[in-house]
Amino acid sequence: MRIDYNIKDKFDFWVLGSIIALITFGLMAIYSSTLNHPTAYGNFEKQLYWAVGSFIFLITVVFLPKQILRLSVVPLYVISIAMLLVVLFAGKTVYGAKSWLSFGPFGFQPSEFAKIGLILSIAYWFGNRQRDINSIKDIGIALIISGIPIILILLEPDMGTAIVFIVVTLTMIFWAGISLFSVFVVLSPGFVAFSSLFGTVYFLISLVIVAGLLFFFKRDLFFSITIFVINISAGFLFDFLFKILKPHQQKRIEAFLDPAADPLGSGYNAMQAKVAIGSGGLFGKGFLHGNQTQLRFIPEQWTDFIYCVIGEEFGFLGGIAVLILFLVIFIRLLHILSQVKDAFYSLIIVGILTLLFTHFAINIGMNVGLIPVIGLPLPFLSYGGSSLLQNMILIGIVMNIYKNRKQNV
Amino acid sequence: MDAFGSLVRKRILTTVIIGFFSLLVIQLFTMQILQTEQYDLKSRDNSIKGYETDAPRGTYFDRNLNVLVSNKPAFTLQITPAYYDTSFNPMIEKILNEQPGYVSRILYLNRYYSKYSPRNIKRDIDFQTIAWIEEHEEYLKGLSYKIQLQRDYSYGVNGSHIFGYIKEVPPDKLNEEKGRYVPGDLIGFSGIEKYYEKYLRGEKGVKYYVVDARQKMVGRYDEGKSDKVPVKGYDLILSIDAETQKIAEKLMEGKRGAVVALDPKTGEVLALVSAPEYNLADFATVTTRDVFNKLTTDPSKPLFNRATASIYSPGSTHKMVGAIAALEEGIIDENSTLFCGGGLNYGGRFFKCLHVDGNIKVERAIEHSCNTFFYRLALSLGVDKWSKYAHKFGFGQKLGLDIGEEMSGICPDRKYYDRVFGKGKWSEGLVINLGIGQGELGVTPLQLAHYVSLIANNGTTGTPHLVKGYIDKKGAFHAFDYKNINLGLREHTFEIVKKAMYLVVNGNGTAGHIRMKNLSIAGKTGTAQNPFGKEHALFVGFAPYEDPKIAVAVIVENAGYGGTHAAPVAKEVMKTYLKVTDDDVSGSTSTIAQVTED
């Protein structure tokens, strides 16, 4: 085997460049939103150190021997679960969720660390050629592997991260080859329930789509009708599910459906974020000149609402630039995906891709008012050390796989 | 197709990613390109707050351009809780002369507002306190003051019933003119302040500030370039003569009644006093409930405008109506005599006179205030003719004074008696009492002054008014138009009546004691019976007799004889207006004349 010393072959500079650009955008936005802030003025500096530190981690991960990934699956999973348990008893409560562990001056979120554990362990489980993706037993075990951390995270409670875990698990199962019909059976009730949120018309439209897909799959009539009935009840179940949610979560959904109804209450953030982005216009108001940002109309803007700093101060051009940088990362990950033949590595990349994309979609979606407010940071941009470190490690893992891709063939 | 990591599955993933990416791009495009203006508006709305600044109300000038009412700054003490240390409370309360707990109570009442927005602690703070705050500014964090304009009445003219007062806008007015007033604004409530509100109020200014999410002011918006400067209201030029008004006010101090002085040629009000007056300065900032309650429950009704809205029996001052009517209708001429034997028997009732005048001419009848003469005149005229002339002189109707607040009074005619007593159920003899200004007759002091003006100026005058015109922003004067009145009666008639009125003062009449060497005053006294107490004293007159420049009506309630109590007031008013200083009263002050009146 010929060892290629061309550096381009070892590093994906598209991904690396995009990440550096995104972190730079993030640092500027953090600087802008915390300038002269009474309590958060030090965040820019902290994030800068985290950025440098996590970059070293990334490089380190890239150069680790490739065997380390398989070897670390079990220890990482066990440590993740252990920390998620510890945080429930000894964690620090921030914004109503017990999600932080403190070590002296450092704090970090075990749920961030658990993401790596989850992706690696699901990948490991389905990466084994002996598994039958369509056997109830194998899928069941996979659901247990991801179910344990999901339940622990829901107990914190951290709804946003739990959603990410669910989406990542389902996508990885999908990638592992589960039949599309099974995917359809599992996902359609959720789709119908979500559509019914917006009213009867949407509910009926979603039912028509479900009926059309049932026709496409051409299964036997009794089975098809059963699934259709389940879908109808899912739509009606919405009311019931809605009542299970905590009041602040209900309010967030209501605020999303009609942000103007309660502009000073739960719709406030969603409304102000839209105002910030919308008022940015084509070129933006200029760095440090966004009045929504500088006058702090969006609380804690440097975390989940960092995107509206960019939207306001750098306008449509800045907003599109960030979207494109993310798109570059996603396309490159898909590209790398097609070069990696090993199921384990392939699943890891899909997991990481899904994780980053879910964060991206939910975060920017809520910033521009397409999705209800769910507390999730924007990868590489939002202020937060553990989130950044975790994302950099994930990218490091992708790069590690990329570097070693030819050996994997 | 369903294998691990198949191309189809990769395409599905790619589709989801590209699909959602496109959705975000469309949403961004919609918000930032298509709808950016409306979001920009909301964003400005968030952070730019306009604070209205009051426009100074127009100034009042008198007919000689002396200032009557203007504006002066008033200080309101404010506290901004975000910067304020509550341990200063006791000290501030002591300085403001307030009870302990005053400051903390106001801060508590306003606790739900942003702690960065200043609270009004006390209005109308004196200058010494403000100076003290300025001096100790660096220690007294959070303490500030606001300058507002308030009416300045310090020019020596009280004019309460002319100028009127301003008060906070009532709710109905807020709805009536949407957007013009906000709660807490001051609006004219009576007098000129009310009727000329549109001219006086000016246009409010706006100062724009940048505020943050907690409403904390961060700075001026656009360096103040977008601010709107308040525009002062139009200044009004009044027909009032400040000196005359002052004298009239001074003379009526401690009395109840009214003085109205008009320029007979134009109808311009030279002085108008309703006594007792009230202190307009009490209304200058925010009227306290105490002050207002005291004024509204005062039995002497100081808020009520007696000069235009109080109805009195005119008594003998009204006798010229009958004289003019009879002269015009040809019932008498200046040489006709009627017999006075000390009274008149009519319909089994005796109408008495205070003296026995024998055969008497109209001139002497007015000079001497003979009742019998006017009983007979009224009988000869009958109700219809008498009331026709009484109405001509403005009785029984509103004269259209520009500040409103007028009463019509009562001037009986056939219809009136039919309505009150029933058709055919009243005697023509009712007119007898009207002839001497008694009976069902009710007049306002303004009507009396207008009536004397018409006599003085031979049947022509102008609609009575207080405001001559306004001065616009460029300094140009715009006069208001007032209707001229011409009764179309013969000059000769007026000459006879005026001569008689001249003799009332300068002959052997009832007002001889106000006679002056260098000013010829003409007039007529009256004493109105008052069922509730002592008679009201009345006097109407004009001066100078040769070329009348001022017509005056005076009523002093519960004072007694008109010649004694009302005529001297009129004389002083005339003297002041005409700038006649020599007050050499002739020796003919006749006690007999006073006693024999009416």
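Reader: Leaving aside its neighbours within four places in sequence, which residues is D12(A) in contact with?
Author: Happy to start there, keeping in mind that this is a predicted model. D12(A) is found in the loop between helix 1 (7-10) and helix 2 (13-34) of chain A. Setting aside neighbours within four places in sequence, its contacts are R332(A), I336(A), M399(A) and Y402(A).

Reader: Is D12(A) buried or exposed?
Author: The relative accessibility of D12(A) is 2%. Buried means under 20%, so D12(A) counts as buried.

Reader: Which side chain does the side chain of D12(A) join in a polar contact of 2.8 Å?
Author: Good one to check for a buried residue such as D12(A). Its side chain reaches the backbone nitrogen of V15(A) at 3.2 Å. The side-chain partner at 2.8 Å is R332(A).

Reader: Turning to chain B, which strands stand at the edges of the open sheet in the order 1-8-9?
Author: This sheet has 3 strands with antiparallel pairing. An edge strand here has a single partner strand, so one side is left without a neighbour in the sheet. That description fits strand 1 (48-53) and strand 9 (217-220) of chain B. On average, neighbouring strands of this sheet are turned against each other, direction ignored, by 40 degrees, and the edge strands are strand 1 and strand 9.

Reader: Which residue in strand 9 of chain B does Y209(B) stand opposite?
Author: Strand 8 (residues 205-211) of chain B runs antiparallel to strand 9 of chain B, joined by 3 bridges. Opposite Y209(B), in strand 9, stands R220(B).

Reader: What angle does the direction of helix 2 of chain B make with that of strand 1 of chain B?
Author: Helix 2 (residues 36-47) of chain B packs on the sheet and touches strand 1 and strand 8 of chain B. Its direction and that of strand 1 of chain B make an angle of about 55 degrees.

Note on methods
Residues are numbered from 1 along each chain as its sequence is written. Chains are lettered from A and ligands numbered from 1 in the order in which they are written. This is a predicted model: local features need pLDDT of at least 70, side-chain atom pairs count only at pLDDT 80 or more; totals for chains, interfaces and linings use all residues. Side-chain values use heavy atoms; hydrogens and water are left out. Helices (H or I, at least four residues) and strands (E, at least two) are DSSP runs, numbered from the N terminus. Buried means under 20% relative accessible area, exposed over 50%, partly exposed in between (1.4 Å probe, protein chains only). A polar contact is a pair of N or O atoms within 3.5 Å; within protein, one must be able to donate a hydrogen and the other to accept it, and residues adjacent in sequence count only if both atoms are side-chain atoms. Contact means heavy atoms within 4.5 Å. Two strands pair if DSSP finds at least two bridges between them. Axes are lines fitted to C-alpha atoms, for helices over the stretch in contact, and angles run from 0 to 180 degrees between N-to-C directions.
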